[in-house]
Amino acid sequence: MSNPSILILPGDGIGPEVMAQVTRIIDWFGEKRDLTFDVETDLVGGAAYDKHGVPLADETMARAMEVDAVLLGAVGGPKYDDLDFSVKPERGLLRLRKEMDLFSNLRPAQCFDALADFSSLKKDIVSGLDIMIVRELTSGVYFGEPRGIHKEGNERVGVNTQRYTETEIARVARSAFELARKRGNKVCSMEKANVMESGILWRDVVTEIHEAEYPDVELSHMYADNGAMQLVRAPKQFDVIVTDNLFGDVLSDCAAMLTGSLGMLPSASLGLPNAEGRPKAMYEPVHGSAPDITGQGKANPIACILSFAMALRYSFDQGDEATRLEKAIEKVLSDGARTADLMGPEGGTPISTTQMGDVILEALDASL
Ligand code: IPM
Ligand code: MG
């Protein structure tokens, strides 16, 4: 049998720095756990634009369709701000999501005990927090037509379209209900059915799927604005949240910050399972390319490493090894390892990106 394959796309900004630590972790699993992956690396985002004039080359897209999982770092940076919209770094990421049909974006927000003090909210509101946002990722206003900027008389008009089919809503709803069954068995669906027809349809379809297929799961509905408010008021009321592409983008940043730092949050973007039951999949940290700290060795690699843990769990059926890696991270955090983003009000000396990689590898060794 051949090794499972991974395509690494480090991308821009701190992407390559954090991904370098993931590569060390992947090697560790090969050496110490007999879990060897065939790894190849390619360009995405601004890095691809610099070489190819497009943010994702066709050959890279083709490889992404063939491998068992894609790991992506981050895309974008000020250098590319003035590029034409069609070749902006973000378009490379959106093309991967769309063409791989990665409709279900899992964004867990978990508060590590050691970091409960770092949240902008009071400790008792976030300690023990464990919620999962399931964001629809291939439709909605990100992709709806018509779109564009046109002239009407003397002024310009910007247009984007929020559009959802029943099929698109149903499949992401199923993915949320399936996850809920393995967790706290609760789903809260968020939309704006009070002002948007697409929200009315969203609520209808989620309710139908619930009644027909998942009556054992507890379902509630919330307007997305109220959802944002509840996330900062009492986040532990939630288990799984399912929502559309744009609301999911906003709500997941909000949820991420509850946990203390955006540098901690991983994500998995999954498509439908193939014949062997393996979904097309891409894993990426929720944080962006962070141009302000690029190249300084300050970036926290944990979100990217936790994204690889999600790959172990969701693509490679290695739940125990994923847990091993998560536990190693928990261990170094409770031992006090802190990158610059995790410096609390009491201060201290931060460790570098590579040093964080070092201590996680040590904790992995200690786990054997
Ligand atoms: C995210 C990011 C992306 C998005 C950007 C980089 C296109 O914010 O993954 O949340 O808006 O989806
Ligand atoms: Mg975002």
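Strands, like helices, are DSSP runs numbered from the N terminus, and a strand has at least two residues. One such run is strand β6, residues 144-152, and Pro-146 lies in this strand. The model described here is a predicted one.

## Around Pro-146 and Asn-160

The peptide bond that joins Glu-145 to Pro-146 is cis, with an omega of about 0°. Pro-146 is also one of the residues in contact with Asn-160, when neighbours of Asn-160 within four places in sequence are left aside. The other contacts of Asn-160 on that count are Val-141 and Arg-147. Asn-160 itself belongs to strand β7, which covers residues 155-161. Is Asn-160 buried, partly exposed or exposed? Its relative accessible area is 49%, so Asn-160 is partly exposed.

A second asparagine, Asn-185, is 25 residues from Asn-160 in sequence. In space, the C-alpha atoms of Asn-160 and Asn-185 are 35 Å apart. Asn-185 is found in the loop between α6 and β8.

## Two residues with positive phi

Asn-185 is not a glycine, yet it has a positive phi of about 65°. With a relative accessible area of 25%, Asn-185 is partly exposed.

Asp-101 is likewise not a glycine, and its phi is positive at about 55°. The loop that holds Asp-101 runs between α4 and β4, the latter being residues 104-110. Asp-101 counts as partly exposed, because its relative accessibility is 29%.

## Salt bridges

How many salt bridges does a search of the whole structure find? The search finds 22. Three of them are set out below.

| Acidic residue | Basic residue | Closest N to O distance |
|---|---|---|
| Asp-50 | Lys-79 | 3.0 Å |
| Glu-99 | Arg-95 | 2.9 Å |
| Asp-130 | Arg-183 | 3.3 Å |

The salt bridge of Asp-50 and Lys-79 has its closest N and O atoms 3.0 Å apart. This pair links distant parts of the chain, as Asp-50 and Lys-79 are 29 residues apart. Asp-50 is in helix α2, residues 46-52, while Lys-79 is in the loop between β3 (69-74) and α4 (89-99). A residue is exposed when its relative accessible area is over 50% and buried when it is under 20%, with partly exposed in between. Lys-79 is therefore exposed, as its relative accessible area is 61%. Asp-50, with a value of 44%, is partly exposed.

Glu-99 and Arg-95 give another setting for a salt bridge. Both residues lie in helix α4, and they are four residues apart, about one turn of the helix. Glu-99 has a relative accessibility of 42%, so it counts as partly exposed. Arg-95 also counts as partly exposed, because its relative accessibility is 25%.

What are the closest N and O atoms of Asp-130 and Arg-183 apart by? The distance in this salt bridge is 3.3 Å. Asp-130 lies in strand β5 (residues 130-136) and Arg-183 in the loop between α6 and β8 (186-191), so the salt bridge ties together parts that are 53 residues apart in sequence. Asp-130 is partly exposed because its relative accessibility is 35%. For Arg-183 the value is 26%, so Arg-183 counts as partly exposed.

Salt bridges can also be joined to one another. Arg-33, Glu-321 and Arg-324 are linked in a network of salt bridges.

## A patch of negative charge

Which residues gather in a patch of negative charge on the surface? They are Glu-166, Asp-204, Glu-208 and Glu-211. Helix α7, residues 197-213, supplies the largest share of the patch, with three residues. Glu-166 has its place in helix α6, which covers residues 166-181. The relative accessibility of Glu-166 is 49%, so Glu-166 counts as partly exposed.

## A buried leucine

Leu-306 lies in helix α10, residues 302-314. Leu-306 is buried because its relative accessible area is 7%. Which residues does Leu-306 touch, not counting those up to four places away in sequence? Leu-306 touches Phe-112, Met-264, Pro-266, Glu-326 and Ile-329. Leu-129 is 177 residues from Leu-306 along the chain, and the C-alpha atoms of the two are separated by 17 Å.

Technical notes: Residues numbered from 1 in each chain as written. Chains lettered and ligands numbered in written order. Predicted model: local features only at pLDDT ≥ 70, side-chain atom pairs only at ≥ 80, totals over all residues. Heavy atoms only, no water. Buried < 20%, exposed > 50% of the residue type's maximum accessible area, 1.4 Å probe, protein only. Contact = heavy atoms within 4.5 Å. Patch = residues over 30% accessible without salt bridge, like charges linked within 9 Å, V, L, I, M, F, W, Y side chains within 5 Å. Areas by Shrake-Rupley, 256 points an atom, 1.4 Å probe, with all protein chains shown as cover. Salt bridge = Lys/Arg side-chain N within 4 Å of Asp/Glu carboxyl O. Lys, Arg positive; Asp, Glu negative; His and termini not counted. Charge placed at Lys NZ, Arg CZ, Asp CG, Glu CD.
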